[in-house]
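Visitor: I should like a close look at a single part of this structure, namely one open sheet and the strands at one end of its order. Please set out how the strands pair and how the residues are placed.

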Amino acid sequence: MSAGEQAPCLGIIEARWTPIENQTSVTSNSGEADVIEIGDPFWSIEVNVNIRNRVHFDVWDTFLTRRKLADLTFTMWRSLRPTPRDPAITADATLSIVSVDSGNSTVTISDVLSVGRKAYPGDMISYRTANNGYWVGQVLAEATYDGSGEATLSVWPRPVAPHASVTAPRRIAALGEFRLTEAARVQEGFKRWDIRFRAEQVLR
């Protein structure tokens with residue numbers, strides 16, 4: 001058992017990714033609001049798995065048991081949004097992180113094979129972090145890769161410092177790191193197994 005184990009992708013029929021703003025606020029009828037950020041924003045996910053294969057169920061069941069509830073984290077990609085919208089982007093082999101600007105919530109990436117390609121709102125991107133975690137975010141605005149293959153992406157949530165040497169960025173099956181927030185709900189039926197679980201993004 002280890003932290004960061006990748007979740008199976010078998011039988012996922014629903015995956016709700018909810019952006020959570022970690023803040024407190026006081027609002028008025030005038031439309032004004034005083035907002036105080038009390039922590040970094042993060043993803044909350046709720047996953048619904050429906051399986052008709054006993055072997056696949058056992059893969060999921062034992063994976064969730066190995067988490068020891070909130071003890072060990074896991075990694076997962078946005079299973080119903082696995083690839084960028086630009087159909088010409090089909091690989092990440094030459095993708096690299098140029099810089100991360102947490103203050104402006106941007107990530108600059110480079111890919112010599114993506115010159116003239118586009119990143120679209122809703123695309124996902126991830127990379128290894130300085131503390132050996134996995135950050136995953138969503139592109140907020142359209143961006144075009146320039147003549148050298150670089151693009152600066154406006155992203156949510158706020159990015160964290162990348163790993164010093166092995167950033168392993170991904171636009172395809174972009175991995176984030178999560179921790180279960182409650183025990184998984186497992187229902188076993190005749191030739192049918194249902195699993196639901198909730199988790200929150202780990203930022204490190």
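Guide: What follows begins with the chain as a whole and then turns to the sheet.

The model is predicted, so local features need pLDDT of at least 70 and side-chain atom pairs count only at pLDDT 80 or more, whereas totals for chains, interfaces and linings use all residues. Residues are numbered from 1 along each chain as its sequence is written, and side-chain values use heavy atoms, with hydrogens and water left out.

The chain contains one helix and 16 strands; helices (H or I, at least four residues) and strands (E, at least two) are DSSP runs, numbered from the N terminus. Its radius of gyration is 18 Å, close to the 17 Å that the globule rule gives for 204 residues, so the chain is as compact as a globular protein of that length. That radius is taken over C-alpha atoms, and the rule is 2.2 Å times the number of residues to the power 0.38. Of the 204 residues, 41% are buried, a term that means under 20% relative accessible area, against over 50% for exposed and partly exposed in between (1.4 Å probe, protein chains only).

The sheet in question is open and has five strands in the order 7-8-13-11-10, with antiparallel pairing; two strands pair if DSSP finds at least two bridges between them. Strand 7 (96-101) and strand 10 (124-128) are at the edges, each with a single partner strand, so one side of each lacks a neighbour in the sheet. From one strand to the next, the twist averages 40 degrees; axes are lines fitted to C-alpha atoms, for helices over the stretch in contact, and angles run from 0 to 180 degrees between N-to-C directions.

Strand 10 deserves particular attention. Five of its five residues are buried. Met124, Ser126 and Arg128 point one way from the strand, while Ile125 and Tyr127 point the other way. Strand 10 pairs with strand 11 in the antiparallel sense over five bridges, and Arg128 stands opposite Tyr134 in strand 11. The hairpin of these two strands has five residues between them, and there Asn132 takes a positive phi near 65 degrees.

Strand 11 (residues 134-139) also pairs with strand 13 (residues 150-156), again in the antiparallel sense, over two bridges. Here Val139 has Val155 of strand 13 as its bridge partner.
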